[in-house]
Amino acid sequence: MHSPITSYTLLLASLFSCGLTHAGLCESGQRQSPTDLRASSQQAGGALSFDYRTTALKIANDGHTVRVRFHNGSTLRIGKQAYTLEQFHFHTPGGDRIEGQQFPMAAHLLHKSPSGQLLAVGVLFRLGAENALLNRLLPLIPKAGSGDHGLADETLNPLLLLPQDKLYYRYQGSLTAAPCTEGVEWLMLKNPVEISAQQLQRYKALFNDNMRAAQPLNGRRVVQSP
Ligand SMILES: [Zn+2]
């Protein structure tokens with residue numbers, strides 16, 4: 001299985017080395033994603049401050065997901081630490097569960113700190129109203145494997161992906177596809193956004209399911225935002 005986030009895979013492969021083979025981590029890793037989020041400790045995890053900028057759309061279809069890349073300095077701050085948004089992409093089904101509840105879809109927004117720490121923000125979708133961002137994106141998805149498409153006339157602000165309320169769970173996890181590299185900081189937003197049944201159907205007509213089942217927490221602490 002190919003990772004939908006190949007550039008991160010390569011980056012992480014060089015950043016995180018350990019005794020296990022990469023393929024082995026998907027099977028034997030103890031800090032894997034997605035997972036079932038049940039808060040085990042409530043503490044001030046720090047408020048999130050999203051400074052996302054509107055940018056010309058750069059979009060690719062790798063056959064597994066649609067990916068939108070950013071090079072415009074959109075940042076997320078948690079306390080004093082800033083992370084730069086590099087890309088977002090989608091999964092069906094949602095993967096991470098909240099108190100056992102499953103969701104039909106998720107968006108993952110991947111960020112990196114200046115020191116190279118990868119931080120993923122997960123947004124879960126539930127069936128409901130039409131999603132404004134997907135309304136923009138769905139007609140623009142290029143053919144699989146046709147590379148990055150820069151659409152100078154189409155601008156997009158990734159804030160459109162986020163729910164109003166930015167409460168979150170935070171845990172230490174991994175990439176959700178091979179090589180399942182660990183050391184990824186996850187912030188799963190507690191409040192899902194909505195997607196219409198018709199939009200989900202349209203997305204699923206283009207992409208097969210690309211998310212594995214929830215993985216055991218193995219004693220990892222899940223921190224809940226205040
Ligand atoms: Zn992902």
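A residue counts as buried when 20 or more other C-beta atoms lie within 10 Å of its own, as exposed when there are 12 or fewer, and as partly exposed in between. Keep that scale at hand for this tour of a predicted model.

**Stop 1: Asn157**

Select Asn157. With 13 C-beta neighbours inside 10 Å, Asn157 is partly exposed, because 13 falls between the two cut-offs. The residue sits in the loop that links β11 (149–156) to β12 (168–174). Now add Tyr52 and Thr54: Asn157 touches both, leaving out residues up to four places away in sequence. Add Ala56 too. Its C-alpha lies 8.9 Å from that of Asn157, although 101 residues separate the two in sequence.

**Stop 2: the whole chain**

Zoom out and colour by secondary structure. The chain holds four helices and 15 strands. Of its 226 residues, 38% are buried. Take the contacts between residues at least 6 apart in sequence: 72% of them join residues at least 24 apart.

Switch to colouring by confidence. The average pLDDT of the chain is 89, and 87% of the residues score at least 70. Select residues 1–6, where the pLDDT is below 50; the model gives this stretch 17 contacts beyond near neighbours in sequence. Next select residues 9–22. Here too the pLDDT is below 50, with 18 contacts beyond near neighbours in sequence.

**Stop 3: the core**

Show the largest nonpolar core, a set of 44 residues. Highlight Ala106, Leu109, Ala120 and Val123, which have the most contacts inside this core. Which strand gives the most to the core? Strand β10 (residues 118–127) does, with seven residues.

Centre on Ala106. Beyond four places in sequence, its contacts include Phe90, His91, Asp96, Val123 and Phe125. Gly94, Gly95, Gly122 and Leu124 are also in contact with Ala106.

**Stop 4: β10 and its partners**

Select β10. The strand is mostly covered, with eight of its 10 residues buried. Bring in its partners one by one.

- Strand β9 (residues 105–112) pairs with β10 in the antiparallel sense over eight bridges. Look for His111 opposite Leu119 in β10.
- Between β9 and β10 runs a hairpin with five residues between the strands. Pick Gly116 there: it takes a positive phi near 100 degrees.
- Strand β13 pairs with β10 in the parallel sense over four bridges. Find Val121 and its bridge partner in β13, Leu187.
- Strand β14 (residues 193–195) runs parallel to β10, joined by three bridges. Arg126 has Glu194 as its bridge partner in β14.

**Stop 5: across to β12**

From β13, step to β12. Is β12 enclosed or open? Six of its seven residues are buried, so β12 is largely enclosed by the rest of the structure. β12 pairs with β13 (residues 182–189) in the antiparallel sense over seven bridges. β12 also pairs with β15, again antiparallel, over two bridges.

Select Arg170. On one side, Arg170 stands opposite Leu187 in β13. In β15, the bridge partner of Arg170 is Val223. Leu187 has come up before, as the bridge partner of Val121.

**Stop 6: Asn208**

Finish at Asn208, in the loop between α4 (197–206) and β15 (223–224). Buried or exposed? Asn208 is exposed, because just 9 other C-beta atoms lie within 10 Å and the cut-off is 12 or fewer. Draw a distance to Pro93: the two C-alpha atoms are 9.8 Å apart, and the residues are 115 apart along the chain.

Notes. Residues numbered from 1 in each chain as written. Predicted model: local features only at pLDDT ≥ 70, side-chain atom pairs only at ≥ 80, totals over all residues. Contact = placed C-beta atoms within 7 Å. pLDDT = per-residue confidence, 0-100. Core = buried A, V, L, I, M, F, W, Y, C linked by C-beta atoms within 7 Å. Pairing = 2+ DSSP bridges.
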